[in-house]
Amino acid sequence: MLHVDMDAFFASVEQLDHPDWRGRPVVVGGSADKRGVIAAASYEARTYGVRSGMPAARAATLLPAHAVWTRGDFERYGEVSHQVFEILRTVASEVQPASIDEAYLDVTPGQHGDHPVAIARRVIDSVDALGITCSVGVATSKTVAKIASDRDKPHGLTVVWPGEESAFLSPLPIALMPGIGPTTATRLRALGIRTLGDVAALDDATARQVLGAHGARVAMRARGIDPRPVREREPVKSVSNERTFSSDIRDTAEVRDAVAALAEHVATRLRRQGLSGRTVHLKIRFGDFTTRTAQETLSTAVASTDQVTTTALRLLKAQWAPGVGVRLLGVGVSGFDHAALQLDLLASASSGPDARRAAIERTVDELRERFGDDSVSFGGRHIRRDPRDRYGPGK
Amino acid sequence: MRLSIARGELLDSLNVVTKALSSRTTLPILSGILISAVGDSVILQSTDLEISIKHTIGAGVEESGSVVMPGRLLAEVVRSLPEAAVHLETSSFDQVKVTCGTSSFVLRSLSPDDFPKFPEVSPGRKMVIPTATLTSLVRRVSRAVSRDEARPILTGILMVIEGTVLRVVATDSYRLAIAEAELPEPVEERIEVVVPGKALEEIPKLAGGAETVSMGIADNQIIFEFGSSVYVTRRIEGAFPNYRQLVPQDGETKVTVSRADLEGAAKRVSLLAQHNAPLRVKVSDSTLTLSAQTQDVGEASEDLMVATEGEPIEIAFNHAFLVDGLASSDEENLAFVASSPLKPGVFRSTTGEGFTYLIMPVRP
């Protein structure tokens with residue numbers, strides 16, 4: 001099992017594209033004078049104590065004047081990520097993306113040609129050739145590989161040989177374990193549990209008591225036991241998109257257009273993945289930071305732009321009064337019914353408005369597939385895209 | 001305006017006209033009922049701009065005139081009154097006094113000049129339908145009417161009149177129901193019209209006391225007349241799905257089953273078809289098995305002895321759609337025809353009831 005983790009991915013791509021930024025602290029996302037959080041920090045920036053997820057205002061107090069602030073070019077990151085995954089797919093048959101910049105690879109000896117460590121070296125070399133770097137962890141399970149990839153960053157290769165898992169894990173601090181957040185870590189430390197060895201020593205009942213429902217599993221992982229296989233795609237539970245506006249919007253047409261654009265994006269992603277869901281969600285964060293979510297469950301699963309948009313706008317009407325400032329909008333679809341798909345009597349008919357609409361959506365999907373997401377859009381959705389707005393997958 | 005009227009008769013009339021009251025608050029006049037007293041009768045009118053209702057009753061009119069009164073409030077006031085004569089009297093330009101026995105109410109009124117004119121419809125064609133026939137036809141298809149305003153045409157019921165046959169069709173694209181009945185009088189020319197489902201469901205209820213309903217069809221509107229009521233609704237424009245093409249004529253598997261038994265079994269098994277879990281119908285030999293399974297909850301199954309013909313089959317449906325169809329009919333036995341788990345299953349009456357109910361399966 002390999003865990004491949006890109007080193008300061010967004011910042012490295014920026015430094016690759018802007019040679020004069022190399023060697024300087026680079027932070028992506030947010031700006032020193034505006035709200036926002038740091039999406040990524042170069043290693044130079046990290047020496048000043050800046051970390052991703054830190055509020056921009058705080059990072060500004062830490063960084064020197066020659067630091068580079070950039071809003072980021074997420075399309076470009078997606079492009080580079082795509083190149084990296086191309087490389088990964090040439091060395092392993094099963095590649096499971098964990099995010100835009102990390103992945104698990106199944107390289108079990110006997111089923112794949114080379115020795116796992118040789119494959120790991122090849123990955124590191126091939127990524128180097130792109131002008132950026134990654135770190136790789138090699139182990140018998142996902143958890144151990146992930147922790148290993150982080151041991152020798154950047155540009156590191158850490159191998160945990162079979163049988164050495166618990167020896168490798170046991171001295172490490174508990175916060176390194178995926179699934180143990182800062183709050184849990186603090187609570188565990190208060191109980192005298194400081195290392196992963198301490199976690200591994202817990203019996204199931206105690207583990208559940210101090211770590212919650214998944215406690216027993218976390219303890220197993222701390223012992224180096226993690227039977228999860230590498231899967232091309234984890235079953236998706238929901239598809240959503242959010243947009244944060246750099247300044248609050250309050251105009252009815254603007255808010256409706258923004259919801260429609262998000263709904264369209266979500267519906268396109270649904271169709272791309274061959275999914276359809278019964279529950280449409282809308283999330284609104286108002287200017288005063290209060291957040292409201294609403295959902296509507298439909299009688300059948302939907303994936304068409306039209307149906308997702310109509311439902312999302314209906315939810316908007318119920319949740320938002322025109323004129324009220326909106327800071328963030330999110331649209332999502334869940335309730336995927338892999339089990340039972342209600343067939344439509346009229347869908348097979350090749351005429352009628354629904355068939356036409358479906359045909360249009362199929363064509364738009366194909367065009368986007370070939371020429372990119374911005375190549376074509378529905379009328380009435382030509383909204384001004386403020387480059388300061390942040391788009392991202394919903395939570 | 002000054003008039004007296006029996007409380008019961010006024011309440012009956014109000015129950016009819018309140019059906020067209022608008023719930024939109026943007027046009028307050030539409031939440032009112034126009035009351036006009038002329039000669040020895042009173043005319044009540046309401047409209048939400050899609051449906052308009054006019055109802056005429058006899059009354060003791062002492063002074064003619066007209067006024068618009070708040071519809072729902074007036075109906076509630078009259079409902080609360082004892083059974084006696086109710087007196088309505090305009091007390092100033094914008095007030096009406098309602099008295100009955102020792103009770104007295106003063107209600108604000110609106111100007112009758114602002115009330116929309118009752119639509120003048122000159123129907124090109126007219127026909128008479130016995131109320132009982134209309135009631136039973138609508139009952140058999142109303143559950144298949146779509147409630148989704150995104151596809152307006154499916155929120156309507158297609159009425160087809162050919163000779164003496166009146167056929168009604170409704171579909172929400174997941175199921176399709178057809179019911180037929182004979183009319184006492186033949187119609188010369190074939191008629192096809194799509195009537196809003198809501199209107200067609202209301203009319204038999206409102207016309208309960210009348211023997212027949214007269215239906216007139218104009219270019220954009222349909223006018224129903226029954227008893228002392230006139231009910232005008234818009235027609236739904238657009239092409240209704242071609243139901244003849246959609247209903248398969250034959251199938252690989254045919255079953256004849258007691259409708260009531262199947263309905264009872266379907267209702268029981270449905271209890272374990274939660275969260276959109278399908279209800280499976282399996283036909284083999286002389287047994288029809290219904291089963292359902294909800295993950296983490298449990299499962300149910302029930303066998304029915306049936307007369308089968310043709311191939312065994314297993315097909316899954318949305319349980320609510322199945323129960324709806326079975327509950328729509330009064331037949332003793334229904335024939336069930338299916339040919340593939342991905343093609344529609346069809347229930348048909350075995351006698352002359354003229355009932356067809358098609359359900360699209362769910363792909364398990």
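So, let's start with who touches whom between two helices of chain A in this predicted model. From α12(A), the residues in contact are V255(A), R256(A), V259(A), A260(A), A263(A), E264(A), A267(A) and R271(A). Across from them, α13(A) brings T305(A), V308(A), T309(A), A312(A), L313(A) and L316(A). Sorted by class, that contact has nine nonpolar, two polar and three charged residues.

Now, how do these helices lie against each other? To place them for you, α12 covers residues 252-272 of chain A, and α13 covers residues 305-319. Their axes are 8 Å apart, and the packing angle is about 140 degrees. Roughly antiparallel would need an angle over 145 degrees, so α12(A) is oblique to α13(A). As for handedness, α12(A) passes α13(A) in a right-handed crossing.

Let's move along to another pair, if you'd like to turn your view with me. Here we have helix α4 of chain A, residues 74-91, and helix α5 of chain A, residues 116-130. Their axes come within 10 Å and cross at roughly 155 degrees. That angle is why α4(A) counts as roughly antiparallel to α5(A). The crossing of α4(A) and α5(A) is right-handed.

And which residues make this contact? On the α4(A) side, you'll find Q83(A), V84(A), I87(A), L88(A) and V91(A). On the α5(A) side, look for I119(A), R122(A), V123(A), S126(A), V127(A) and L130(A). By class, the contact of α4(A) with α5(A) divides into eight nonpolar residues, two polar and one charged.

To pull the two pairs together: α12(A) is oblique to α13(A), while α4(A) is roughly antiparallel to α5(A). Thanks, everyone!

Definitions and conventions:
Residues numbered from 1 in each chain as written. Chains lettered and ligands numbered in written order. Predicted model: local features only at pLDDT ≥ 70, side-chain atom pairs only at ≥ 80, totals over all residues. Heavy atoms only, no water. Axes fitted to C-alpha atoms, helices over the stretch in contact; angles between N-to-C directions. Helix = DSSP H or I, 4+ residues; strand = E, 2+ residues; numbered from the N terminus. Parallel < 35°, antiparallel > 145°, perpendicular 65-115°, else oblique. Left-handed = near helix turned anticlockwise from the far one by under 90°. Contact = heavy atoms within 4.5 Å. Nonpolar A, V, L, I, M, F, W, Y, C, P; charged D, E, K, R; others polar.
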